[in-house]
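Work through the exercises below with the sequence and the 3D view open. Each task is followed by its solution.

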Amino acid sequence: MRRFGSFDWRAMAASIVMTAVLASGTTQWVMFNAASDSVAAEIAGDHRRSLLAASPIDIVSSDRHTVKPWLDARIGVSPPAPDLATDGFALIGGRVEVVSGRPVPALVYRHREHLITLVAEPQQGGRVTEPKDVSSGGFSMVHWSDGAFSYWAISDMERPELDDFVARFRKAAV
């Protein structure tokens, strides 16, 4: 029979373990989201700089067979570069971005008077995620992963138009 006010060490130990698990899970979630926000802000800054530069692209070409080898020769990787010109999104070239201290490929598409930068960070582990809104710095931005690359599409156009680009890119890149 338990006495009122008796102390159960097992219950105390279980509550300490549960608190530690919840605290570490919360810390990991906060760190992941902070890292994602940091990358989004970095990509928004890179996009803004490209718009202020004399040319927003390093290799000028609408031919993916020119852009992909150029990127591969500089950084050893290049993402899919589907031709979306008939859909109103013309590939105009590419450049190398630096994200979190690493060079990554960026494709540049034009839709009417708007430029779309598509940063494709090589991904380890093959995680696939659906597109989500991570708009930053006054730009519309969408992030998703296909298992090989983690993509960041950014532009100053309205979100529905950028969503249309992302859907067409994802469909054509398969």
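Is A153 buried or exposed?

A153 has a relative accessible area of 0% and is buried. Buried means under 20% relative accessible area, exposed means over 50%, and partly exposed lies in between, with a 1.4 Å probe and protein chains only.

Before the next task, two notes on the source. The model is predicted: local features need pLDDT of at least 70, side-chain atom pairs count only at pLDDT 80 or more, and totals for chains, interfaces and linings use all residues. Residues are numbered from 1 along each chain as its sequence is written, and side-chain values use heavy atoms, with hydrogens and water left out.

**Exercise 1. Describe the surroundings of A153.**

Step 1. Find the element: A153 sits in strand β7.
Step 2. List the contacts (heavy atoms within 4.5 Å). Leaving out residues up to four places away in sequence, A153 touches T117, L118, S140, M141, V142, W144, L162, F165 and V166.
Step 3. Compare sequence with space: 37 residues separate A153 from I116 along the chain, yet their C-alpha atoms are 6.6 Å apart.

**Exercise 2. Outline the whole chain.**

Step 1. Count the elements: there are three helices and seven strands. Helices (H or I, at least four residues) and strands (E, at least two) are DSSP runs, numbered from the N terminus.
Step 2. Read their order: α-β-α-β-β-β-β-β-β-α.
Step 3. Note the burial: 39% of the 174 residues are buried.
Step 4. Check how far contacts reach: of those between residues at least 6 apart in sequence, 55% join residues at least 24 apart.

**Exercise 3. Test the length of helix α2 and find its buried side.**

Step 1. Helix α2 covers residues 64-75, and its twelve residues should span 16 Å at 1.5 Å a residue. The expected span is 1.5 Å times one less than the number of residues. The end C-alpha atoms are 16 Å apart, which agrees.
Step 2. Pick out the buried residues of α2: V67, W70 and L71. They cover an arc of only 95° around the axis, which puts them on the same side of α2. The arc is that of the directions from the helix axis to the C-beta atoms.
Step 3. Recall the general rule: an α-helix has 3.6 residues a turn, so residues three or four places apart point the same way.
Step 4. Look at the face turned away from the buried side, where H65 and A73 are exposed.
Step 5. Identify the cover: β1 (59-60), β2 (90-99) and β3 (102-111) are among the elements over the buried residues of α2.
Step 6. Inspect the ends. D63 caps the N-terminal end, with a side-chain oxygen 2.9 Å from the backbone nitrogen of H65. Just after α2, G76 has a positive phi of about 80°.

**Exercise 4. Repeat the analysis for helix α3.**

Step 1. The 14 residues of α3 reach 20 Å from first C-alpha to last, close to the 20 Å expected at 1.5 Å a residue.
Step 2. Its buried residues are L162, F165, V166 and F169. Seen down the axis of α3, they fall within an arc of 100°, so they line one face of the helix.
Step 3. P160 and K171 are exposed on the other side of α3.
Step 4. The cover over the buried residues of α3 includes β3, β4, β5 (128-133), β6 and β7.

**Exercise 5. Which residues touch the most other members of the largest nonpolar core?**

Step 1. A nonpolar core is a set of buried Ala, Val, Leu, Ile, Met, Phe, Trp, Tyr and Cys residues joined through side-chain atoms within 4.5 Å.
Step 2. The largest one has 24 residues, and L107, Y109, L118, W144, F165 and F169 touch the most other members.
Step 3. At least two residues of this core come from each of α2, β3, β4 (114-122), β6 (140-146), β7 (149-155) and α3 (159-172). The most come from α3, with four residues.
Step 4. Apart from this core lies another, of 13 residues, including I43, V104, F139 and W152.

**Exercise 6. Locate R95 and its polar partners.**

Step 1. R95 belongs to strand β2 and is buried, at a relative accessible area of 5%.
Step 2. A polar contact is a pair of N or O atoms within 3.5 Å; within protein, one must be able to donate a hydrogen and the other to accept it, and residues adjacent in sequence count only if both atoms are side-chain atoms.
Step 3. The R95 side chain makes such contacts with the side chains of E97, at 2.6 Å, and T117, at 3.0 Å.
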